[in-house]
Structure formats: structure tokens, C-alpha cells
Amino acid sequence: MAPEKKAIEGVEWRINVGDGSSKSLVEEERFATRIWLGIKSLILKFLIFFKKARDIGANDPRKIAHCVKVGMALSVVSLFYYVRPLYDGVGGNAMWAIMTVVVVFENTVGATICKCLNRVCGTSLAGMLAFGVHWVATKSGEKFEPLIVGASIFMLASAATFSRFIPSVKQRFDYGAMIFILTFSLITVSGYRVDKLFEMAHDRISTIIVGTSLCIFVSMLICPIWAGRDLHTLTTTNMDKLANSLDGCVAEYFNSNESDEESDKKILGYKCVLSSKASEESMANFAKWEPAHGNFGFKHPWKQYPKIGASMRNCAYCIEALTSCILSENQAPDLIKNQLRDVCLKVSSTSSTVIRELSTTIKTMKRSSDIDFLSEETSIAVEELQETLRTLSNLHNPPINIGAETNSAAADETDATLVPLIEVIPLVTFASLLIEITTRIKGIVNAVDELANLAEFKVEADENCDKSRSNNRVEQDLDEKTMKTLQKV
């Protein structure tokens, strides 16, 4: 049977062609199948790409608005080519306006203003210095003119490039330094061959100013995206995630809730805090360029937000250590865990409440009248945890009597003492990290308090303060009456 099967499989169907040759039907079918599979794969990849693009637009519709604004700005600036009077005014230099819109229009208002001002200032400064060098070179004669031009390009380009390594310059004026190098080199070199250098430079600077002005107005007036507001929202969102992560870690460690996808997502919220440093610094830098908008004044202390983010990351590092305690194979017995369960949950609850209250303070831009009380509750809970740890240590770590006895009973007693001690260590480590988190939360409180002082946050609940003051006065009056009665008696 095997030889017959091989013979059947070896049969090849062929057809005769007009020129006398033949073709294999199997090869044609395979080729057609490969083409169809390739087309099917391309269609599938396109559908996946379309779904991802749709999800990006659905998650943040502002990105679609930004794309529309860029298209609108380019359409308007292209009128310098389509409208004859405008084209006659600037000529072929109208292309510089289009290039300016493409390179300076950013997603946020602050980033757009930063790039626009950097481009205008860098171009203007480079133009003035280039004309000065050109004037000196032309007065020096034909022999020295190329030497002066080359030397000026070398020195100024080197100095401007070095300035980009300075942190303060790189943070705010890096793009301007690059534009300065480009513009100075172009104008200086062009001046050696071009006669009407001033007219050319004037037209280019004019078109650049037109392009940057258009970008600023479009970004500010049509669906503006403020970097400062995004930074404000990012800070409060990270605070909420940090609080949820702290509660989730402690609850997961003591198995006080069922683990599911939602709870795991909350526990890992601290990772957003750890990865937001670059975004916070970038947004804070761009927010400084933005004018007053909403509840944010012109001198709003944006530099304070990265400090708050740094203090939050200090807490997030400890929470990351808590998660490693959860995943550790060396766990304390449930019987020992239950002795610290309630007090640890109380510490995490009060600590997360403090973080959420700080988040509310930043959201509403009003000072919280409860933050001191909540911080005091956290301190009391920490004291209870420390006292419980001392009690637990005394119960599971009795004193070891080391004497001359070397009998087996003493050795067994020592081994039994070490075993409870080893069982307690993981739980003590977890509790120590929890206490460290409460200490680092004080850094967040101080940073937010400094922001409230610099931004002049208002007091949240004046009525509650008035009620508390009136209650205190009533209590003082009652105490005075009681003292007078006792004195009479």
C-alpha cells in the first residue's frame, strides 16, 4: 500500500500551452494562495492599525482637535502663495511661513509659545549679528572677507552649541540656540554671494513672524490645550493612584479582599507615579510660557509641581517594596498576620485619606481644614502599630539564656526561639515599610502646603471654622461658670 500511496501523491497535473510547453496546476494554485494570504494579511494589519488609531482618538479627542488646528493653520498660511498681492509682498520667501507652522506648532499652548518665541528671538538675534559681521567683512576687503566670515561662524556656532549643554539654557532655549546657529550660518554665508541680503533677510523674518503669530493665535483661541492644566490634572491623578495603590497593597497582603484584575490594576498605580518625572518636568517648563488661564495666574508656581511629584515618588518606591513583600515566598503565618491586620489596615487607611485630601486641596485650590486632624490620626495609628510590634516581639522573641549548659534541652529551646523569630521577620519588614511610608507622606504634605502658600489658596470651609470657634467659646463659657460655682462651694 505504501508504494501505491507514494505514486498517487507523486502525480502532477499539468496543462499544455499554445507554444507546446506545459505548466503545473499545483504551482499556480500555490502562487495564487500566497497572493491571497498576503492580501489577507495586509487587510488584517490595516484593520488593526485603524482600530488602534480609533482608540487613540476616542481616549483623547484633543489629539484630533490638534490635527485639525495644524491643518487649518497650514491652509491659512498657504494663502501667501495663492493670493497674488500677498505673494508679491514676500515672494518665494512665503515658504518660510509654511515651514515655521510645521516645525513650531505643538500640542499644548505652552510648547507652541516656547518654540515660537525661541524661533523669533533666535532668528532676529542671528540676523543682527550676521549683518554686523557682513558689514565688518565687506569693509575689510576681498582678501579678509572670507576669513572674517569663516572665523565668525566658527566662534559663534561653537559658543551657541556649548550653551546647549548648560542645563538652564537647554531646558528653555535649546530650540532657539539651534535656530540661531542655522540662521546665522545661512545669512553669513549667503551674504558673500547675494547682493540684496537685507531684503532677503527682512522677508524671511517677516514670514517667520507671520507663521509664529498664526500658530499662537490658533493654539490659544481654538480648543486650547494648556500644559499647566494638564500638569495640574496629572498631579492630582497620580495622588489618587498612589492612595489606591497603598490601600490595595495592604489589603492584598492581609487577604482582606479578593484579588481580581481591577484590584491588581489599582495596586500597580504607583508605577504611573514613578514614570511621570519626565512628563512633569516638561509640562512645568512649558507652563511657564503660558499666559494666565482659568484659575491659574500669570505667576502661578509651576516649579512646585515637580517637587510634589518627587515627594510622591519617594512614597511610590516604598509601595514598590510593599509589593515585593506580597510576592515574596517567605511569608509570616496567618495567625501572626492577624495580630497586625487591623492596625496595619488602619495605618494605610488614614495615610491614603491624607493623600486623597491633598489631592482634593490641589483640585479645588483651597486649603483643607482637616489635613492637620488627618495627619494626627495617622500618627496615632502609627503609634498603635509600633506598640503592637513591641508586644509581638516580646511574645515571639523571649530572652535566650546563654550559660554553661550545653544539653539538648537548651539547644531545642534556642531553636524554637529562632523559628518564631524567623516567622515574624517578614511581617515586621512589611510593617516597617508602612511606617516609613507615613513618614514620607509628610514630605508630600509639606510640598502641597508650600504650593498653597505660593499660589495663595483660599481656606476651604470658613463656616466650619466659625462653628468650631463658636463651640469653643461655648465650652470656655461653661468651664468659667463651672469654676465659679466650684469656688463658691
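Thirteen is a good number to start with, as this structure holds 13 salt bridges. The model is a predicted one, and the points below walk through a salt bridge, some helix pairs, the cavities and two loop residues. A search of the whole structure finds two cavities of 30 Å³ or more.

**Salt bridges**

- One of the 13 salt bridges joins Lys 51 to Asp 55, with 3.3 Å between the closest N and O atoms.
- Both partners sit in helix H2, which covers residues 25-59. Lys 51 and Asp 55 are four residues apart there, so about one helical turn separates them.

**Helices H3 and H6**

- Helix H3 spans residues 61-77 and helix H6 spans residues 94-104; their axes come within 9 Å and cross at roughly 170°.
- H3 and H6 are therefore roughly antiparallel to each other.
- On the H3 side, Ala 73, Leu 74 and Val 77 take part in the contact, and they meet Ala 97, Ile 98, Val 101 and Val 102 of H6.
- Sorted by class, this contact of H3 with H6 has seven nonpolar residues, with no polar and no charged ones.

**Helices H8 and H9**

- The axes of helix H8 (residues 145-163) and H9 also come within 9 Å, crossing at roughly 170°. That makes H8 roughly antiparallel to H9.
- Among the H8 residues in this contact are Val 149, Ile 153, Leu 156 and Ala 160. The H9 residues they meet as a group include Ala 177, Phe 180, Ile 181 and Phe 184.
- Lys 170 of H9 is also part of the contact, as are Ser 152 and Thr 161 of H8.
- The residues of the contact of H8 with H9 divide into 11 nonpolar, five polar and one charged.

**Helices H11 and H16**

- H11 (227-253) and H16 (334-364) pack at an angle of about 175°, and their axes are 9 Å apart.
- H11 and H16 are therefore roughly antiparallel to each other.
- In the contact of H11 with H16, there are 12 nonpolar, nine polar and five charged residues.

**Cavities**

- Of the two cavities of 30 Å³ or more, the largest has a volume of about 130 Å³.
- Thirteen residues line this largest cavity, written as 13 in the count, and those nearest its centre are Trp 96, Thr 123, Thr 183, Arg 204 and Ile 208.
- Helix H7 (109-139), helix H9 (167-190) and helix H10 (197-221) are the elements that each give two or more residues to the lining. H9 thus appears in two topics here, as it also packs with H8.- By class, the lining of the largest cavity has nine nonpolar, two polar and two charged residues.

**Loop residues with positive phi**

- Cys 223 is not a glycine, yet its phi is positive, at about 45°. Cys 223 lies in the loop between H10 and helix H11.
- Met 365 is another residue other than glycine with a positive phi, near 55°. Met 365 is found in the loop between helix H16 and strand E3, which covers residues 366-367.

How values were computed: Residues are numbered from 1 along each chain as its sequence is written. This is a predicted model: local features need pLDDT of at least 70, side-chain atom pairs count only at pLDDT 80 or more; totals for chains, interfaces and linings use all residues. Side-chain values use heavy atoms; hydrogens and water are left out. On a 1 Å grid over the protein atoms alone, a cavity is a set of points where a 1.4 Å probe fits but cannot get out, and a pocket is an open set with protein on both sides within 12 Å along at least five of seven lines; lining residues have an atom within 4 Å of a point. Grid points are joined across faces, edges and corners, and a volume is the space filled by probe spheres set on the points. Ala, Val, Leu, Ile, Met, Phe, Trp, Tyr, Cys and Pro count as nonpolar, Asp, Glu, Lys and Arg as charged, and the others, Gly among them, as polar. Axes are lines fitted to C-alpha atoms, for helices over the stretch in contact, and angles run from 0 to 180 degrees between N-to-C directions. Angles under 35 degrees count as roughly parallel, over 145 as roughly antiparallel, 65 to 115 as roughly perpendicular and the rest as oblique. Contact means heavy atoms within 4.5 Å. A salt bridge is a side-chain nitrogen of Lys or Arg within 4 Å of a carboxyl oxygen of Asp or Glu.
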